[in-house]
Amino acid sequence: MRFDIMTLFPDMVNNILGESIIGRAQKSGAVEINLYNIRDYSEDKHRRVDDTPYGGGKGMLMMAPPIYNCYSAILEDQKSAGFEPEMRRVIYMSPAGKVLNQKKAEELSKYDNIIILCGHYEGVDRRIIDEIVDEEVSIGDFVLTGGEVPAAILVDCVSRLLPGVLSDPECYEKESISSGMLEYPQYTRPYEFHGVKVPDVLISGHHANIDKWREESARELTERNRPDLLEK
């Protein structure tokens, strides 16, 4: 899958996605992530990308022309590279969007290309959203200073579901949330830490009992921390 991210702070996004599993996935070619600095597509000699909103109010609003120019450049770059996605999705990271969850990540993982617009300041001119954006996505009911962190979260969440990113599908199929419940508690060495020992069942070698313990523990943890998951 190819991700193209429109942002004012490409280094901020790269610092997150250039490391760990997603960084290795890029090196292996499992995913492709391209960062586009919206300022580079400004029509102003000072690379200005924002202005005061009509109707008044505090803060600045990102203008439509630089974003549209950036979007057009992405499409041209894809064409020049011979990349012609059959399924493309343009997403604007916004607190006004539908909240990202595992089901949405699974839906997005079916696309060949995802273009992400990162807002900043007071947001972006509505006309650019109406013209190029397919959907708005939020990572939660709170407001951040910009869309870069949410964009990185979306890319990470979706990338983990793609072939070649994780070592085995079981890595995400049976983990927290994906299974419908929170993940069971896990333990590693040392056997005893601060007077607390690893549950005996986990070192019993009896796989049926271990599976039963994990299922019961997962349900107990979900009932305590996220009962809404069980209701669903």
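1. Is Y68 buried, partly exposed or exposed? Y68 is partly exposed, with a relative accessibility of 35%; buried means under 20% relative accessible area, exposed over 50%, and partly exposed in between (1.4 Å probe, protein chains only). Y71, at 13%, counts as buried.

2. This is a predicted model, in which local features need pLDDT of at least 70 and side-chain atom pairs count only at pLDDT 80 or more, while totals for chains, interfaces and linings use all residues. Residues are numbered from 1 along each chain as its sequence is written, and side-chain values use heavy atoms, leaving out hydrogens and water.

3. There is one aromatic pair (Phe, Tyr or Trp rings, the six-membered one for Trp, with centres within 6.5 Å; planes under 30 degrees apart are stacked, over 60 edge-to-face, the rest tilted). Y68 and Y71 form this pair, which is tilted, at 6.4 Å centre to centre and 50° between the planes. Because Y68 and Y71 are three residues apart in helix α3 (residues 64-80), about one helical turn separates them.

4. The largest nonpolar core (buried Ala, Val, Leu, Ile, Met, Phe, Trp, Tyr and Cys residues joined through side-chain atoms within 4.5 Å) has 29 residues. F3, I5, L17, I114, I116, L154 and V158 touch the most other members. Elements giving two or more residues to this core include β1 (2-7), β6 (113-118) and α6 (148-159); helices (H or I, at least four residues) and strands (E, at least two) are DSSP runs numbered from the N terminus. The largest share, six residues, comes from α6.

5. Apart from this core lies another of 20 residues, among them A64, Y92, I115 and I128.
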